Amino acid sequence: MTGRAAEPRRRAAATTVSFLLSLALGVAGVLLALDAVLPATTAHDSALPPLLADLDGLTASAATTAAGAGVVLVGAVLVLSALVPRRRTHLRLRSEADAWITPRAAAALAVRSASRHPGVVGADAERIARRRIVVGVTRDSERSDDAADVLQESLRAELARLPATTTVEVRSRVAP
Amino acid sequence: MSGRCLSSRAAALAAGLLLVLAGLALVDWRQGVVLSTGGRVRTGTVAGLVDATWWPWAQGAGGLALALLGLLWLASHRPRRSLREVPVGSSDRTGTVVLALDGVARALCEQVEASGTTTEARAGFHRAHGRLVGVLEARLSEDADLDGVVAAAEEATRDLRRALPGDAADLQLRWRAPRTRRPARSRRATVRLE
């Protein structure tokens, strides 16, 4: 019953870049076409001749160098967006089915499970990542120190369906 | 990697490289390290072209072509539509039997939600590498446990295999975190008198 669907991943940064580029291309085309049509049908003058007149005689300066550096920076960001791999968003559960869960969902389960444990007065997720989830637990001061170990073992058993590469740690503190 | 993702990456890479080269040329204009171009910008030739009688037609046609290209490219970004129906094995020369996938998706969502582990389930089908792939996305319910989630996933996968026999379909189930409850606002106000 092994699934063959692709692993869930975040949308590629290049997709957003490509969307913005297509939008820019469309808008530039519309503006160019309007600039050609409007002078023929209305009293509106084309924007191209004044633009060319402004550019005529332009020399290299600190401003053109700064503009060039800015353009290089934007280009580098685009190149990076094209090369960076799509981030994995889910953890695969140990199951015959093709079942996945987000690290945030796994952390929510761990926090809820810890907060129901005897002697625990509060629990929250301190760190949520694909490889490591840290649950901060506030314990009742009357409980013994080995209660933290018991809690850790209990969480490990309840979250045994998470992949082996993901560890769930408990950071325990005693309530004041 | 899907074709759409690949073309997006190619477009971003091409645009990025073009911008980097243009920016470097602009920086080098003053420094003159690589292309000792120096001098002033002369737009006289282009201005002469713009004044020609045929120019507005060429500009209009070019603009329309660019706008059309941009629109087509923009349209390629729209979300992939879910498959509506699929022919099943009982089809032959006398007729085709199709299975409405909307109903299958709805049934899967209802089944997974009925397990008590899941809320807000939605599912859709698409084709990948010649196979039918169902993706069910849902949110964990507040009192879900992982064993229950896995049991619901395995049952849904088995049921889909029964509906589409012959190892014809895959089902992927993805869960997000439970919705966080915002603390209810108290109608009481506390006023400290000093």
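## Nonpolar cores

A nonpolar core is a set of buried Ala, Val, Leu, Ile, Met, Phe, Trp, Tyr and Cys residues joined through C-beta atoms within 7 Å. In this predicted model, the largest such core holds 51 residues, and the members that touch the most others are A106(A), A110(A), A114(A) and L136(B). The element that gives the most to this core is helix α4 of chain A, residues 103-115, with eight residues. A second core, separate from it, has 13 residues, among them A13(A), L21(A), A82(A) and A15(B). In soluble globular proteins, nonpolar side chains tend to be buried together.

The surroundings of A110(A) can be given by name. Apart from neighbours within four places in sequence, A110(A) is in contact with I133(A), V135(A), L155(A), L159(A) and V168(A).

## Domains of chain A

The domain assignment divides chain A into domain 1, covering 13-83, and domain 2, covering 92-174. Between the C-alpha centres of domain 1 and domain 2 of chain A the distance is 53 Å.

## Contact between the chains

Chain A brings 68 residues into contact with 64 residues of chain B. On the side of chain A that touches chain B, two or more residues come from each of α1 (13-41), α2 (48-55), α3 (62-83), β2 (98-101) and α4 of chain A. Helix α1(A) supplies the largest share of that side, 20 residues.

By residue class, the side of chain A that touches chain B consists of 43 nonpolar, 17 polar and eight charged residues.

## A sheet built from both chains

Strands of the two chains also form an open sheet of five strands, in the order β1(A)-β2(A)-β5(B)-β4(B)-β3(B) and with mixed pairing. At its edges stand β1 (91-92) of chain A and β3 (118-128) of chain B, each of which pairs on one side only. Helix α5 of chain B, residues 146-163, packs on the sheet, where it touches β2 of chain A as well as β3, β4 (131-140) and β5 of chain B. The direction of this helix makes about 155 degrees with that of β5(B).

The two chains meet in this sheet where β2(A) and strand β5 of chain B, residues 169-176, run parallel and are joined by four bridges. Along this pair, A99(A) is opposite L173(B), and I101(A) is opposite W175(B). Strands of a sheet pair through backbone hydrogen bonds, either parallel or antiparallel.

How values were computed
Residues numbered from 1 in each chain as written. Chains lettered and ligands numbered in written order. Predicted model: local features only at pLDDT ≥ 70, side-chain atom pairs only at ≥ 80, totals over all residues. Buried ≥ 20, exposed ≤ 12 C-beta atoms within 10 Å, placed from the backbone. Contact = placed C-beta atoms within 7 Å. Nonpolar A, V, L, I, M, F, W, Y, C, P; charged D, E, K, R; others polar. Pairing = 2+ DSSP bridges. Axes fitted to C-alpha atoms, helices over the stretch in contact; angles between N-to-C directions. Domains from an automatic or database assignment.
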